[in-house]
Amino acid sequence: MPHYLLSMYQPDGDPPPPEVLGPIMDKVAAWDQDLRAAGAWVFTGGLHPASTATVVRSRRGDVVMTDGPFAEGKEHMGGFTVISVPDLDAALEWGRRISEITTLPCEVWPLRSRDGS
């Protein structure tokens, strides 16, 4: 079955206060349980703040390291989930659900198989 990456993007800065974030995280936990019950969950990871990221770039034999994420912007990837579902439509449905819960953008990317397809 194909795998898809669901990337969640969040605004830079401090997270919302607990009274706002708490109910959202409860809904995220329910979404996660639904995903697992459907047999679609593969892996989930949350990321530390964007300020902890390092970009490693090779240029003409030299390696340059810079602080922060590759793209500078007002939001950054905050976490991701890898799912295994029959097709893109199913992946987009899971992405729609988590985006509605969190009110954050969710990118849905098909992952290449080991043979490159």
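The paragraphs below lead from the overall fold of this predicted model to its pair of helices and then to its largest pocket.

Taken as a whole, the protein holds two helices and six strands, and these elements, read along the sequence, follow the pattern β-α-β-β-β-β-α-β. The C-alpha trace of the protein extends over about 50 × 45 × 15 Å when it is laid out along its principal axes.

A useful place to begin is the pair of helices, H1 and H2, whose axes come within 9 Å and cross at roughly 165°. Angles over 145 degrees count as roughly antiparallel, and H1 and H2 are therefore roughly antiparallel to each other. The crossing of H1 and H2 is, in addition, right-handed. On the side of H1, the contact is made by Ile-24, Lys-27, Val-28, Trp-31, Asp-34 and Leu-35, while H2 brings Trp-94, Arg-97, Ile-98, Ile-101 and Thr-102 to meet them. Sorted by class, the residues in the contact of H1 with H2 comprise seven that are nonpolar, one that is polar and three that are charged.

Both helices appear again in the description of the largest pocket, where strand E1 (3-11), helix H1 (18-37), strand E2 (41-46), strand E5 (75-84) and helix H2 (88-102) are the elements that give two or more residues to the lining. The space in the largest pocket amounts to about 760 Å³, and 31 residues line this pocket, with Met-8, Gln-10, Met-25, Gly-78 and Leu-104 lying nearest its centre. Of the contributing elements, H1 supplies the largest share of the lining, namely six residues. In terms of class, the lining of the largest pocket is divided into 17 nonpolar, twelve polar and two charged residues.

Read together, these descriptions place H1 in two settings, for helix H1 makes contact with H2 through residues that include Trp-31 and Leu-35, and H1 also provides the largest share of the lining of the largest pocket.

Notes:
Residues are numbered from 1 along each chain as its sequence is written. This is a predicted model: local features need pLDDT of at least 70, side-chain atom pairs count only at pLDDT 80 or more; totals for chains, interfaces and linings use all residues. Side-chain values use heavy atoms; hydrogens and water are left out. On a 1 Å grid over the protein atoms alone, a cavity is a set of points where a 1.4 Å probe fits but cannot get out, and a pocket is an open set with protein on both sides within 12 Å along at least five of seven lines; lining residues have an atom within 4 Å of a point. Grid points are joined across faces, edges and corners, and a volume is the space filled by probe spheres set on the points. Helices (H or I, at least four residues) and strands (E, at least two) are DSSP runs, numbered from the N terminus. Ala, Val, Leu, Ile, Met, Phe, Trp, Tyr, Cys and Pro count as nonpolar, Asp, Glu, Lys and Arg as charged, and the others, Gly among them, as polar. Axes are lines fitted to C-alpha atoms, for helices over the stretch in contact, and angles run from 0 to 180 degrees between N-to-C directions. Angles under 35 degrees count as roughly parallel, over 145 as roughly antiparallel, 65 to 115 as roughly perpendicular and the rest as oblique. A crossing is left-handed if the near helix is turned anticlockwise from the far one by less than a right angle, and right-handed if clockwise. Contact means heavy atoms within 4.5 Å.
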